[in-house]
Amino acid sequence: MLDQQVISQVKGVLGNLSTSFTFVVERSLACAKVKEFSSFVEDVASCSPRLSVEYRNGKDFRFSILRNGEPTGVSFRGIPSGHEFTSLLLVLLNGDGQGRNLPDAALLQRIKALKGDIRLTTYVSLTCTNCPDVVQALNIMALSNPSISHETVDGAICQDEVEKRNIQAVPAVYLGDELLHVGRGTLGGLLEELEDHLGADTTSGEKVEHSFDLLVLGGGPAGVAAAIYAARKGKNVAVVAQRIGGQVNDTTGIENIISVPLTTGSQLASDLATHLSKYPISVCNNRRITHVDFSGPVKRVETRGGETYLAPQVIIATGAGWRRLGLPDEDKYVGHGIHFCPHCDGPFYKGKNVAVIGGGNSGVEAAIDLAGICRHVTVFEFANKMKADDVLQQKLWSMPNVDIVMSSQTIGLTGDGTKLTGIDVRDLQTEKERHVALDGVFLQIGLQPNSDVFRGAVEMTPRGEIVVDNRNHTSVKGVYAAGDVSTTPFKQIMIAMGDGAKAALSAFEDSLYQPS
């Protein structure tokens, strides 16, 4: 099933395995794709003498992975091809102590502290770009804690199960029979959800303090630029972030970084991580900031899990997240009719009617993508004209199955308790209200600053942006802010990078005049 070029590449990736792994395949010979799926597993196993295959009778087709004869807790139903092929290779590399994404000591301690016998199942689409992050994070947890098992299920070959569970968005993670998580996710975020649901044994956890010259809070373009510029000035720097790349990870095509004609969000995030690794910067990933104290000369930043970071200077670069409508029942229908990513969840609406709320670049791009899948797409824009680039608008207006409605405010959501069935819309010019029956809605109404944890610590605008001057100083001495979380105008990757660099240079210049 794998062509020779791919097999050659995989042999290079797995060439240094020191651990033996066995693919234990449970299959039914009545399965329509049993030969194709078996060939896939055998081709992967042929790439290293450390890999072998065992067959057992079973239902449909699934395989689990043993490490030196012992269960890893990781299994796949169907075959992890497409975007999930990397997930399979990383199980082997991570299980051998190699590869990326391995948790540091603090995260590993939290994973091991989870309580109970934990059975996780993730339903994916092999074309979903967000699914691998969730799958890989949960596989790492299974590899790290023998009480955790995780099965990845290709929803395309388990349609009856998908329909029974009314899954309308991927990745969809189940804890036993309970829906735990829908949509994009990180190791840190998923770990928090499990801690909230199951509890954790914290009796053995030690409170740890880390001291640095400068803390950068956030790992997006602004944060990475700030950290690199500060490190180049000789500062002992730490980046404390939920994920390197930040919101960039959720962006597809990027064409406006000067000198880089085209890249993707995932590639840019990877490039940012690579650039960080070229400097002696402590990268503390998968951390959620829970409390800050900027009142003294030494600033304190606390994260979930009991870690405290100390430094005389802090640059806040936590970026922004998807803005919600703020309507009743919105949370109930997220993943069940309300979505944010057209690339991941659009395929569930093939031949159906959907709406995109928001007429900026992201909204128009989403509508263009959905128009190729759905029967009909309606774009609702709050303003009286579109804000998207002209080239995108021209393409959208040319599509026959798209309607664009200006001066429209979404004022209500309707559903049957399990899935969204429509929205209520007000015409802002006539004040007339109407109901629009829909199968799904994709929200593209901009971003909201990730600044809640800093409320009361620094001055903010009413919408939550941290107020900065032209050198990125906040209202507190020693604290700076940069990028989308700040009042710096125009929320763009290029501007965030420059803003982060400027904040680092301001911090360095200020430190020259600080009394020793």
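Which hand does the crossing of α8 and α14 have, left or right? The crossing is right-handed, and the close-ups below, all taken from a predicted model, start right there.

**View 1. Helix α8 packs against helix α14.** Here we're looking at residues 221-232, which make up α8, against residues 493-512, which make up α14. The two helices pack at an angle of about 35°, and their axes sit 7 Å apart. On the α8 side, the contact is made by P221, A222, A225, A226, Y229 and A230. They meet I493, A496, M497, G500, A501, A504 and L505 from α14. Sort these by class and you get twelve nonpolar residues, one polar residue and no charged ones.

**View 2. The second largest pocket, with α6 in its lining.** This pocket holds about 520 Å³ of space. Its lining runs to 23 residues, and Q159, V162, I167, Q168 and F348 are the ones nearest the centre. Which element gives the largest share of that lining? That's α6, with three residues. At least two residues each come from β5 (118-124), α6 (159-164) and β25 (420-427). If you're after the chemistry, the lining splits into twelve nonpolar, six polar and five charged residues.

**View 3. A cis peptide bond at P171.** Zoom in on the step from V170 to P171 and you'll find a cis peptide bond, with omega near -10°. P171 belongs to the loop that links α6 to β7 (172-175).

**View 4. The largest cavity, lined in part by β4 and β6.** The structure has three cavities of 30 Å³ or more, and this view shows the largest cavity, with about 40 Å³ of space. Around it are F76, R77, G78, I79, P80, E84, V124, L126, T152, V153 and D154. Both β4 (70-77) and β6 (148-154) put in at least two residues, but β6 gives the most, with three. By class, the lining has six nonpolar, two polar and three charged residues.

**View 5. D60, a non-glycine residue with positive phi.** D60 isn't a glycine, yet its phi is positive, at about 55°. You'll find D60 in the loop between β2 (51-57) and β3 (61-67). Is D60 buried or partly exposed? With a relative accessible area of 40%, D60 counts as partly exposed, because buried means under 20% and exposed means over 50%.

**View 6. D329, another residue with positive phi.** D329 has a phi near 70°, again a positive value in a residue other than glycine. The setting is the loop between β19 (320-322) and α10 (330-333). D329 has 38% relative accessibility, so D329 is partly exposed.

**View 7. E26 and the residues around it.** E26 is part of strand β1, which covers residues 21-27. Leaving out residues up to four places away in sequence, E26 touches R56, G58, K59, D60, F61 and R62. One of these contacts, D60, is the positive-phi residue of View 5. E26 has a relative accessibility of 24%, so E26 counts as partly exposed. How far apart are the C-alpha atoms of E26 and Q159? They are separated by 19 Å, with the two residues 133 apart along the chain. Q159 is also one of the residues nearest the centre of the second largest pocket, back in View 2.

Methods:
Residues numbered from 1 in each chain as written. Predicted model: local features only at pLDDT ≥ 70, side-chain atom pairs only at ≥ 80, totals over all residues. Heavy atoms only, no water. Axes fitted to C-alpha atoms, helices over the stretch in contact; angles between N-to-C directions. Helix = DSSP H or I, 4+ residues; strand = E, 2+ residues; numbered from the N terminus. Left-handed = near helix turned anticlockwise from the far one by under 90°. Contact = heavy atoms within 4.5 Å. Nonpolar A, V, L, I, M, F, W, Y, C, P; charged D, E, K, R; others polar. 1 Å grid on protein atoms, 1.4 Å probe; cavity = no way out; pocket = protein on both sides within 12 Å on 5 of 7 lines; lining within 4 Å. Points joined across faces, edges and corners; volume = space filled by probe spheres on them. Buried < 20%, exposed > 50% of the residue type's maximum accessible area, 1.4 Å probe, protein only.
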